[in-house]
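Good morning, and thank you for coming. Please look at the sequence and the structure as they appear on the screen, and keep both in view while I speak.

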Amino acid sequence: MKKSHLKILSQKFLVVAAALLLSQISFAQSDGPLREVYKNNFYIGAALNEENILQKNDASNILLESEFNSITAENVFKWEKIHPSEGEYNFELPDKFVALGEKLNMQMIGHTLIWHQQTPEWVFKNSDGNYKSREELLTLMEEHITTVVGRYKGKINGWDVVNEALNEDGTLKQSEWVKIIGEDYLQKAFEFACQADPNTELYYNDFSLENEPKRNGAIELIKMLRSKGIKIDAVGLQGHYKMDWPTTSQLDSTIKAFAKLGLKVMITELDIDVLPYNNIPVGADISMNVKLREEFNPYPDRLPEENQNMLAERYADLFKVFLVNDESVSRITFWGISDDESWLHDWPIKGRTNYPLLFDHSGKPKPAYYAVKKIPKESK
């Protein structure tokens, strides 16, 4: 067969594949996409990886534009990516993220300004290997936040200013930020962000806040910040959930506790781990990784129908809680668009196949997608 004929056949195959995908999505959207179903309740967001930002995945491109109205960048605003070395900023991908958000008329979230992870060592240490002084690190923090937030002033709708500052018992992590600057590093971070863009929303973001000790620590932290006149608009519950954690009661009481402070509540990184995790610590600390064992990867090829239905029920139960609290819940962001893009394939065990989102590895809607869409109708 001639190369020209092969090229024509290849092009026809791509057209047919795209048409099939569009028909699947059109069928799924017969009663409207997620962003329309929940338009009177909260934003429906997706976290974008670099491939998404560059729009290299056709299936994800279609889903993003049709289903979502809010975007968060997974990594490109993190310090190691945007400010990899002293005096060097990498704005190429962040600029493209913002351009994509403007093109699609999306709410845009900046993630994250200050974190103890994915921050280069040079931030904390001078060239001689010694730790910076409090004054040196504060000056660098202010310069970084002012530069990044200032560049996107009036474009980014909200920033995760500080990420994961608390231990599970609610105390402050003894990160380099605390060791060098002191506990007031949080106050300074929010002050610098507010100065750089007074009109953007500012958030504290963390995982496991549904557990009472950590939630209580976050409440006290926010009360302390506000007592000093610090602007903080919302708390982000990351939402890296399990099939059996948190309970709907825990989730509901957590949302209500933060709403009582006058804060918006956002579910910022939602996914549900369907794989076994016996003897694996619960949480979302990315440094945690254990050796792959077969018993922890029971579904390498597909998620059985029974498990798909259980996942659908779990998502439905969560969205019922979100909907009941929609006066305070302002955004639900999934940590990825479809299963093939999920970080959970490599955390906490590398090489597992997970199924944590509403769209499968080919971008096809799962039973969980339809279950989530039914909730507003059932609540009427």
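In helix 9 of this predicted model, the buried residues are Tyr185, Leu186, Gln187, Ala189, Phe190, Phe192, Ala193 and Ala196. An α-helix has 3.6 residues a turn, so residues three or four places apart point the same way. What covers the buried residues of helix 9? The cover includes three strands, namely strand 3 (107–114), strand 4 (158–163) and strand 5 (201–206). Helix 7 (134–151), helix 8 (176–180) and helix 10 (212–227) also contribute to that cover.

We may also check the length of helix 9. The helix has 12 residues, 185–196, and at 1.5 Å a residue it should span 16 Å. Its end C-alpha atoms lie 16 Å apart, so the expectation and the model agree.

Helix 10, part of that cover, also holds Arg215. This residue is buried, yet it has no salt bridge. Why is there no salt bridge for Arg215? A salt bridge requires a side-chain nitrogen of Lys or Arg within 4 Å of a carboxyl oxygen of Asp or Glu. The nearest side chain of opposite charge, that of Glu212, is 4.7 Å away, so the cut-off is not met. Leaving aside residues up to four places away in sequence, Arg215 touches Leu209, Glu210, Gln250, Ser253, Thr254, Ala257 and Phe258.

I turn now to the aromatic rings. A pair of aromatic rings is described by the distance of the centres and the angle of the planes. How many aromatic pairs does the model contain? The count comes to 19. In one of them, the ring centres of Tyr38 and Phe319 are 5.4 Å apart and the planes stand at 50 degrees, so this pair is tilted. Tyr38 belongs to the loop between helix 2 (34–37) and strand 1 (43–48), while Phe319 belongs to helix 12 (residues 305–324), so the pair ties together parts 281 residues apart in sequence. Both Tyr38 and Phe319 are buried.

A further pair is formed by Tyr315 and Phe334: with centres 6.1 Å apart and planes at 45 degrees, it is therefore tilted. Tyr315 lies in helix 12 and Phe334 in strand 9 (residues 329–334), 19 residues apart, and the pair links distant parts of the chain. Tyr315 and Phe334 are both buried. These four residues, together with Phe42 and Phe322, form one aromatic cluster.

Finally, rings may also face charges. The charged end of Arg151 sits over the ring of Phe91, 4.0 Å from its centre. Likewise, the charged end of Lys125 sits over the ring of Tyr131, at 5.1 Å from the centre.

Notes:
Residues numbered from 1 in each chain as written. Predicted model: local features only at pLDDT ≥ 70, side-chain atom pairs only at ≥ 80, totals over all residues. Heavy atoms only, no water. Helix = DSSP H or I, 4+ residues; strand = E, 2+ residues; numbered from the N terminus. Expected span 1.5 Å × (residues − 1). Buried < 20%, exposed > 50% of the residue type's maximum accessible area, 1.4 Å probe, protein only. Contact = heavy atoms within 4.5 Å. Phe/Tyr/Trp six-rings, centres within 6.5 Å; stacked < 30°, edge-to-face > 60°. Lys NZ or Arg CZ within 6 Å of the ring centre and 35° of its normal. Lys, Arg positive; Asp, Glu negative; His and termini not counted.
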